[in-house]
Amino acid sequence: MERLRSLLRPVTSVPLARHLIVALVALLVVMAVIGMSSQYLQTRYAEMAYFAIAAGGLTLLTGLSGQLSLGHGALMAVGAYAATLVLERTGGESLADVFVALLVAIGVCAVVGVVVGVPAARLHGPYIAGATLTLAVAVPRLANQWDVLGGEQGLQVPVPRASELPAWIQDLIWFFTAVEIDQYSFLAYLGWLLLALTFVALANLSRSRVGRRWRAVRDDDVSAELAGIHLGRARVVAFTVSAMCAGLAGGLMAMNVRLTAPGAFTITLSLTLLAAVVLGGLGSLTGALIGAGVLAFLPHFATDLGESFGLSATQAAEVTPVVYGLVLMLVILLAPAGIVGSLRPFLARLSATSALGSTKEKTT
Amino acid sequence: MQKPGEATPLFAVEGVSVRFGGVRALEDVSLEVAPHEVLGVIGPNGAGKTTLFNVVCGFVSPAEGELRLRGETIRDLRPHQLAGHGIARTLQGLGLFERMTVLDNVMVGADRLARAGFVRGLLGLGHRDDARLAAKARDVLGELGIESYATRYPGSLPYPIRKKVALARALVAEPELLLLDEPASGLSAEEMTELGEIITGLTERTAVMLVEHHMDLVMSVCHRITVLDFGRVIAAGTPDEIRNDPAVLAAYLGDQVEHDDLDAEVHAITVAEEA
């Protein structure tokens, strides 16, 4: 074990290598799980992936750079509509169409992120929350009014058929999971692949000078400024990165839901995302993943729970918000730093003892 | 003690005036700092010492006057641009990044020396550059004898250590002019002696402007002293000259108010307003 650790040290000390290895291993495990899951669960995994991408961007913004956004649901809407409009024009049959649509979604959200981020960077605390809240309220209404965006009915989203995928992808998936790829598992695989890439990038940023600047601006803006950090620029970069994540998440959401309509992007979505981030632990990507998992899977469990207590299916569906609220309250009461945040001291103690063990090992 | 070079001042404040509403916080203040010199700025509460620092750092823009670094104006620079020009400052309230480790705190101070930008950060390729900054930060922590606290969070540290962290964060930027705002406040007599030695040692690499209340420290480490009262320079000279200046004795040394008392500060400002 000790030899393995020292052999791996050159690799694990490089953040990029470490993040890539963790992401790759996690991705392979998840793909195997997705392959074995039912269609219903595959859809839940896909949902978890795009929620996690949006939550990851949000936790970076709120936890690292200290800006509270109530508008990430709206940014997801921007991404969803952008991707939908592109897919409508290209037909959305091939894998290339999908990636072009997602890239456009990210690009449009980057622009929106800069436009919203520049004035928001001058605001603090409740004021930036208010400004982003405006976004959350305004965007669905705009979509409602514009005929190009399908009004209240929304737009149908064409999705690639699994049979149209390149043969090597079909073979690869079959090789790893022993199950033929279909439309549902394809979206789950795609979601988790992009989630892994996004989280590697976000983890890199968070560990880098960029993330250090964000933390400094969050903790003490005067000192950060004296250290030569342009406060506005640091905040706008954080907001833009976060908006790009929301755009990607929105694009994926559109493909999964197959309908892009204003009703899906109300203020509730923004608040739910924020709640997921707080639940997992602010500033932690693992926390964002856990929060997204709760978002995607809780309705499933809550409905089951309701039915096992003898409620009808429609009644049981109403249990979800109650359970979600209860979980959130419990976490805030028992683990104010979020799930990951509260586990962190414990994990730190664990790794400290193992590090102590390794130095002992070395000296003998 | 070395004699400051008279020929080229590193930094000069020329006829600076600052008004807050009707209050004249600074009135026609001029001073010069030579390379490797320690200049003390003293005066009773409300005399305008911190305002002067805020002007130098770009937090307050002067109504009149000029600031020059090596002869070039820096009057219109924004606060974040000063670090790049080799000016670093510690704050009276320290302003440590409480949710970052001591090492990270100091590495933020070294940010102006960093080369890895956004793209390298995104791709995770900035770790060499980061390791270089971390090594620099550890060097400075070691120099101040607090390297063992590198992985701790500032909130868990005693006040004198926190002050050293703040000093390390300013020093790691390799400034040519270091502004120290009340570095001795809250320190014991021994710690103050150590601080004096540290400041004297700093002159090998930087000039220091020192705002301080503790006269013993000021008199022992400063090459020259500028005395402010009611926003004006009432005296300037070597510690010996200042010690015997009648105007200073009247304005400052005779002043027996509790220096950390906010009421006294408010009182002084009210007096200034009436004057």
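This is a short tour of the model, stop by stop, with something to select at each one.

Before you click, note that the model is predicted: local features need pLDDT of at least 70, side-chain atom pairs count only at pLDDT 80 or more, and totals for chains, interfaces and linings use all residues. Residues are numbered from 1 along each chain as its sequence is written, while chains are lettered from A and ligands numbered from 1 in the order in which they are written.

**Stop 1: helix α2 of chain A**

Select residues 15-36 of chain A, which form helix α2. Helices here are DSSP runs of H or I with at least four residues, strands are runs of E with at least two, and both are numbered from the N terminus. At 1.5 Å a residue, the 22 residues of α2(A) should span 32 Å, and the end C-alpha atoms are indeed 32 Å apart. (The expected span is 1.5 Å times one less than the number of residues.)

Now colour P15(A), H19(A), A23(A), V30(A), M31(A) and I34(A), the buried residues of α2(A). Seen down the helix axis, they fall within an arc of 105 degrees, so they line one face of α2(A). The arc is taken from the directions from the helix axis to the C-beta atoms. Buried means 20 or more other C-beta atoms within 10 Å of the residue's own, exposed means 12 or fewer, and partly exposed is in between, with C-beta atoms placed from the backbone. Swing round to the other side of α2(A) and you'll find L24(A), V25(A), L28(A), V29(A) and M36(A) exposed.

What covers the buried residues of α2(A)? The cover includes α3 (39-64), α7 (167-177) and α8 (183-207) of chain A, along with α5 (127-143) of chain B.

**Stop 2: where chain A meets chain B**

Show both chains: 27 residues of chain A are in contact with 31 residues of chain B. Contact means C-beta atoms, placed from the backbone, within 7 Å. On the chain A side, α2, α8, α9 (209-219), α10 (221-226) and α11 (231-257) each supply at least two residues. Pick out α9(A), which gives the most, with seven residues. By class, this side of chain A has 14 nonpolar, six polar and seven charged residues. (Ala, Val, Leu, Ile, Met, Phe, Trp, Tyr, Cys and Pro count as nonpolar, Asp, Glu, Lys and Arg as charged, and the others, Gly among them, as polar.)

**Stop 3: A254 in chain A**

Stay with chain A and zoom in on A254(A), in helix α11. A254(A) is buried, with 31 other C-beta atoms within 10 Å. Leaving out residues up to four places away in sequence, A254(A) touches A80(A), A83(A), T84(A), V157(A) and T260(A). A254(A) and V157(A) are 97 residues apart in sequence, yet 6.7 Å apart in space, C-alpha to C-alpha.

**Stop 4: L343 in chain A**

Next, click L343(A), in helix α16 (residues 338-363). Is L343(A) buried or partly exposed? With 17 C-beta neighbours inside 10 Å, L343(A) counts as partly exposed. The C-alpha atoms of L343(A) and G281(A) are separated by 9.6 Å, with their positions 62 residues apart along the chain.

**Stop 5: chain B**

Finally, hide chain A. Chain B has eleven helices and ten strands, and buried residues make up 45% of its 275 residues. Colour domain 1 (1-86 + 175-275) and domain 2 (97-174) separately; the bounds come from an automatic or database domain assignment. Eight residues of domain 1 of chain B are in contact with eight residues of domain 2.

Definitions and conventions
Contact = placed C-beta atoms within 7 Å.
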